Amino acid sequence: MTAWLFRFQSLFGLVLVFLAAVVFSPVRNGELLFLDSGNLFNVVRAMSEIGILAVGMTFVILIGGIDLSVGSVLGLASVGAAVLLVRQDFGVLPAVLAVLAAGLVFGLLQGVVTAKLGIQAFIVTLAGMQIARALARIFSGGQGVEIAYGDAPGRAPTAFSLLGERTFGGLVPVPALIFAVVAGLAAVLLRVTAFSRHVYAIGGNEKAARLSGVPVDRVKILVFGLCGLLAGLAGIVHAGQLNYGGPNDGSMAELDAIAAVVIGGASLSGGRGTVVGTVAGALLVGVLRNILTLNNVDSNVQLLIIGLVIVAAAGLQRLRPAAVG
């Protein structure tokens with residue numbers, strides 16, 4: 001029973017926070033504000049970018065690594081999308097593909113340095129964080145780039161604005177759908193492929209995995225490439241939601257992504273964690289922030305409470321039985 005509870009700790013945590021949010025929800029016109037459908041989907045929309053980053057971070061943490069650059073890559077991607085659409089008159093598809101390719105290449109390069117040169121991922125991605133932020137400022141001229149829509153020069157194609165829209169009768173935000181698709185594909189990838197077995201093997205014992213014939217370097221490079229790709233996607237979603245690409249956007253987003261993964265039950269030492277847990281962790285943070293905001297809790301107090309939740313999640317990892325996967 002204890003092992004079962006630890007295995008699904010993030011889901012139980014999400015349910016408990018959700019129930020607490022219902023109990024403490026403000027009431028307007030006899031209805032709970034928290035349970036309003038628009039508010040619930042706003043929670044998912046608000047966490048969609050961090051959720052996408054967290055999915056990529058899950059793979060990196062599973063191999064025992066860390067990626068501190070994802071927030072800066074998000075900022076670089078948002079600037080890249082805005083500059084290509086507004087200043088270079090790119091179509092939506094070419095711009096999106098170019099930005100995704102840039103994120104992928106950035107991640108792959110970090111993976112190559114980590115795997116082939118043997119430099120710790122913390123150091124490599126710390127440098128990558130600075131490099132991506134500098135590139136974003138250079139490409140944007142140090143200024144944010146507004147995205148206006150239309151057919152005239154200097155305006156982006158209207159199709160890009162769909163990222164800020166809602167579907168299914170104006171209820172479900174498009175970023176939430178993108179997050180759901182990314183999480184679903186990643187969950188399948190981590191469950192049914194040989195790649196997933198290699199990822200868990202490296203995180204569990206890299207030396208043993210190498211001796212067993214696992215292509216450790218190749219898997220590491222691919223994992224960092226995937227994380228960079230998803231950071232690029234998060235940047236595109238960010239630019240589409242805000243109609244803006246800023247060189248300082250995504251600051252500290254890497255910490256939110258790591259928090260979601262840790263709250264989701266992953267071990268920072270590698271070898272343990274799931275995409276489902278990460279999604280639950282991201283939603284838990286989103287629900288917590290939402291109910292605190294609805295109750296007009298000071299933003300500094302919100303940070304304090306979320307920090308305590310992260311510490312509690314990490315503490316649970318220390319209590320987790322070794323036999324629990």
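In this predicted model, helix α3 (residues 37-62) packs with helix α10 (residues 216-242) at an angle of about 170°, and their axes are 7 Å apart. Angles over 145 degrees count as roughly antiparallel, and α3 and α10 are therefore roughly antiparallel to each other.

Who takes part in this contact? On the α3 side, the residues include Arg45, Ile52, Leu53 and Phe59, while α10 brings, among others, Val223, Phe224, Leu230 and His238. Sorted by character, the contact residues are 15 nonpolar, four polar and two charged.

Now let us follow α3 itself. The table lists some features along the way.

| Place | Feature | Value |
|---|---|---|
| Start of α3 | side-chain oxygen of aspartate 36 to backbone nitrogen of glycine 38 | within 3.0 Å |
| Serine 48 | bend of α3 | about 50° |
| Glycine 64, following α3 | positive phi | near 85° |

Serine 48 is worth a second look: α3 bends there, and Ser48 is also among the residues that make the contact with α10.

How many aromatic pairs does a search of the whole structure find? There are two. One of them joins phenylalanine 18 and phenylalanine 34 edge-to-face, with 5.2 Å centre to centre and 65° between the planes. Phenylalanine 18 belongs to helix α2 (residues 9-23) and phenylalanine 34 to the loop between β2 (31-32) and α3, so this pair ties together parts that are 16 residues apart in sequence.

How values were computed
Residues numbered from 1 in each chain as written. Predicted model: local features only at pLDDT ≥ 70, side-chain atom pairs only at ≥ 80, totals over all residues. Heavy atoms only, no water. Axes fitted to C-alpha atoms, helices over the stretch in contact; angles between N-to-C directions. Helix = DSSP H or I, 4+ residues; strand = E, 2+ residues; numbered from the N terminus. Parallel < 35°, antiparallel > 145°, perpendicular 65-115°, else oblique. Contact = heavy atoms within 4.5 Å. Nonpolar A, V, L, I, M, F, W, Y, C, P; charged D, E, K, R; others polar. Bend = angle between axes of the 7 residues up to and from the residue. Polar contact = N/O pair within 3.5 Å; in protein donor to acceptor, adjacent residues only side chain to side chain. Phe/Tyr/Trp six-rings, centres within 6.5 Å; stacked < 30°, edge-to-face > 60°.
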